[in-house]
Amino acid sequence: MPVSRQRRATLPDVAALAGVSTAAAGRALGGYGSVSEDVKRRVLDAAEKLNYRTNRLAASVRTGRTDTIGVICADIESPFFARALRGISDVAHSHGFSTLVTNSDEDLTSERNAVQLLLDKQVDGIICAPADVRQVAHLAQAQSSGTPVVLFDRMSDELDADAVIVDGAKAAYQAVSRLIALGHRRIAIVTELRQPREQDWAAYLTRGSEPSLGTLSPSEARLLGYLRAHWDAGVPVRRELVRRTGAYEADSAYKQMKRALALKRPPTAVFLVDNLMTVGAYHAIRDSGIAVPRELSVVAFDDLDWSVLVSPALTVIAQPVYEMGAEAARRLVARIGDRGRRRRAPPSWTSP
């Protein structure tokens, strides 16, 4: 015998149970217009008894908002983005917003599709870690259509938008300068550089004109800090020690670290630009039987949970990832509340 389904409660049902008009019930549940505290209490009690759920689409037509924000992660599996998402969602929830999360896998086409999906869902704003900070026309178009955008972990000279980032070039400079001060002269770096940017960086291996930080990915900014530390200390940059993976992948970092360790004159220290690079490179160091730090000094960007479990613990540049996510959400909520304000705020530079 087929099971009969209970009819879903409607707004008139709630109004009838509360003994008020449908319009008054709608105002009480939607938080707009004027209703007495007594009416509001009766309506809310009736809605709870009937298990009534507000029609968000209808509410959005009245208010012009869906109370949702969209987030485009570069890599949702990364511990960095997982922690940032917690900060974003906590702040969003505290302001009455739900969060829709998408993943670009650092792919520009996927990111463009994600932006369109979020716009189709009529999100009130977007937080994005752009796959390519030089190609952000789709984000600019979203802004021009009235959807605020806040950049996370990257800034762009091509987009008039708030950005919440750590100054990766400065942090890398300080870390590598410390290694140089300790006497290291052969410091490797394992970094992500993709075609065609890989050829572009050949020009920066000797000091000269330097790129703007608003044109660089996080790994490129950290490579720039690595280079600057060498230039300022008068230490030559060894081309064979700049190990490029071509992607944010632990396996690629493993291979590049292995190749660096197999050099006729291997490095005495290594700087790893992010958590995935650290995982792969550390496995390569361990599999090569090299003792850290007695035989090889290691400095890694990002604080990983497992880094304190190895003995001795790894030296890391710890980013305030949760707070970065929270600040991105706060900025977006502020923009949503003031859609008419288009002036770009200065980037939120957070010290690691």
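This is a short dialogue on reading a sheet, a helix and a loop in a predicted model.

Visitor: What kind of model is this, and how are residues numbered?
Guide: It is a predicted model, in which local features need pLDDT of at least 70, side-chain atom pairs count only at pLDDT 80 or more, and totals for chains, interfaces and linings use all residues. Residues are numbered from 1 along each chain as its sequence is written, and side-chain values use heavy atoms, leaving out hydrogens and water.

Visitor: In what order do the strands of the open sheet lie?
Guide: Strands of a sheet pair through backbone hydrogen bonds, either parallel or antiparallel. Here five strands lie in the order 7-6-8-9-10, with parallel pairing. Strands (E, at least two residues) and helices (H or I, at least four) are DSSP runs numbered from the N terminus; two strands pair if DSSP finds at least two bridges between them.

Visitor: Which strands stand at the edges?
Guide: Strand 7 (242-244) and strand 10 do; each has a single partner strand, so one side of each lacks a neighbour in the sheet.

Visitor: Which partners does strand 6 have?
Guide: Strand 6 (residues 187-191) pairs in the parallel sense with strand 8 (residues 269-272) over four bridges, and Val 190 stands opposite Leu 272. Three bridges join strand 6 to strand 7, also parallel, with Thr 191 opposite Arg 244.

Visitor: Which way do the side chains of strand 6 point?
Guide: In a regular strand the side chains alternate between the two faces of the sheet. Ile 187, Ile 189 and Thr 191 point one way, Ala 188 and Val 190 the other. Five of the five residues of strand 6 are buried (under 20% relative accessible area, 1.4 Å probe, protein chains only), so strand 6 is largely enclosed by the rest of the structure.

Visitor: How is the span of helix 13 checked?
Guide: The expected span is 1.5 Å times one less than the number of residues. For the 16 residues of helix 13 that gives 22 Å, and the end C-alpha atoms are 23 Å apart, which agrees. Its buried residues include Val 321, Met 324 and Ile 336.

Visitor: Where is Gln 319, and is it buried or exposed?
Guide: Gln 319 is in the loop between strand 10 (315-317) and helix 13 (321-336). At 9% relative accessibility, Gln 319 counts as buried. Its side chain makes a polar contact of 2.4 Å with that of Asp 302. A polar contact is a pair of N or O atoms within 3.5 Å; within protein, one must be able to donate a hydrogen and the other to accept it, and residues adjacent in sequence count only if both atoms are side-chain atoms.

Conventions:
Buried means under 20% relative accessible area, exposed over 50%, partly exposed in between (1.4 Å probe, protein chains only).
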